[in-house]
Amino acid sequence: VNKRAVATLNVKAENGAERYVLKLATGDTVGDLRRYLDEHRRRAALGGGGVAPGAYEIRSAFPARAYDDDETLESAALVPSAALFLKAVEESWTNPL
């Protein structure tokens, strides 16, 4: 893989104790990052460690913002590297009636 085509992402979990370092293609989306994180967190939770996946935003402190799942890493300016954190959000429930 061409080094210029890779984004290195350092992601801190909601609890502040778990950290993930991922290398993804610059054309991958924030949604792809979320799927990787969810899969890893699901496996870790089943093994008795880590943080179980829940509803969260993928955010950066500087600039302070949340990222949409359909943004590519490149269009979100997360290339060549970025420090991100996960912020828990309450899932909204709507009565279908």
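What span should the 17 residues of helix α1 have at 1.5 Å a residue, and how far apart are its end C-alpha atoms? The expected span is 24 Å, and the end C-alpha atoms are 24 Å apart, so the two agree. The helix covers residues 30-46. Keep in mind that this is a predicted model.

Start with the sheet. It is open and has five strands, in the order β2-β1-β5-β3-β4, with mixed pairing. The edge strands are β2 and β4, because each pairs on one side only. At one end of that order, β1 and β2 pair over seven bridges. The sense is antiparallel. Look for Thr 8, whose bridge partner in β2 is Lys 23.

Now place the helix on this sheet. α1 packs on it and touches β1, β2, β3 and β5. The direction of α1 makes about 135 degrees with that of β2.

Which residues of α1 are buried? They are Val 30, Gly 31, Asp 32, Leu 33, Arg 34, Leu 37, Asp 38 and Arg 41. An α-helix has 3.6 residues a turn, so residues three or four places apart point the same way. That spacing is worth tracing along the later part of the list, through Arg 34, Leu 37, Asp 38 and Arg 41. Charged residues such as Arg 34 and Asp 38 are listed beside Leu 33 and Leu 37. The buried residues pack against strands β1 (6-12), β2 (19-25), β3 (56-60) and β5 (81-88).

Two of these arginines share a target. The charged end of Arg 34 sits over the ring of Tyr 56, 4.6 Å from its centre. Arg 41 also lies over the face of Tyr 56, at 5.0 Å from the ring centre. Aromatic rings do not pair with each other here: a search of the whole structure finds zero aromatic pairs.

Tyr 56 leads on to β3, which spans residues 56-60. How much of β3 is covered? Four of its five residues are buried, so the strand counts as mostly covered, with buried meaning under 20% relative accessible area. β3 has a partner on each side. Four bridges join β3 to β5, and the two run antiparallel. Within β5, Lys 87 stands opposite Glu 57. Two bridges join β3 to β4 (residues 65-66), again antiparallel. Here Ser 60 has Arg 65 as its bridge partner. β3 and β4 form a hairpin, with four residues between them.

The loops hold the backbone exceptions. Most residues other than glycine have a negative phi, and most peptide bonds are trans. In the loop between β3 and β4 lies Pro 63. The peptide bond joining Phe 62 and Pro 63 is cis, with omega about -5 degrees.

The loop between β4 and β5 holds Pro 80. A cis peptide bond joins Val 79 and Pro 80, with omega about 5 degrees. Ala 77 is found in that loop too. Its phi is positive, about 60 degrees, although Ala 77 is not a glycine. Is Ala 77 buried or exposed? Ala 77 counts as exposed, because its relative accessibility is 61% and the cut-off for exposed is over 50%.

Terms used. Residues are numbered from 1 along each chain as its sequence is written. This is a predicted model: local features need pLDDT of at least 70, side-chain atom pairs count only at pLDDT 80 or more; totals for chains, interfaces and linings use all residues. Side-chain values use heavy atoms; hydrogens and water are left out. The expected span of a helix is 1.5 Å times one less than its number of residues. Buried means under 20% relative accessible area, exposed over 50%, partly exposed in between (1.4 Å probe, protein chains only). Contact means heavy atoms within 4.5 Å. Rings of Phe, Tyr and Trp (its six-membered ring) pair if their centres lie within 6.5 Å; planes under 30 degrees apart count as stacked, over 60 as edge-to-face and the rest as tilted. A charge sits over a ring if NZ of Lys or CZ of Arg is within 6 Å of the ring centre and within 35 degrees of the ring normal. Axes are lines fitted to C-alpha atoms, for helices over the stretch in contact, and angles run from 0 to 180 degrees between N-to-C directions.
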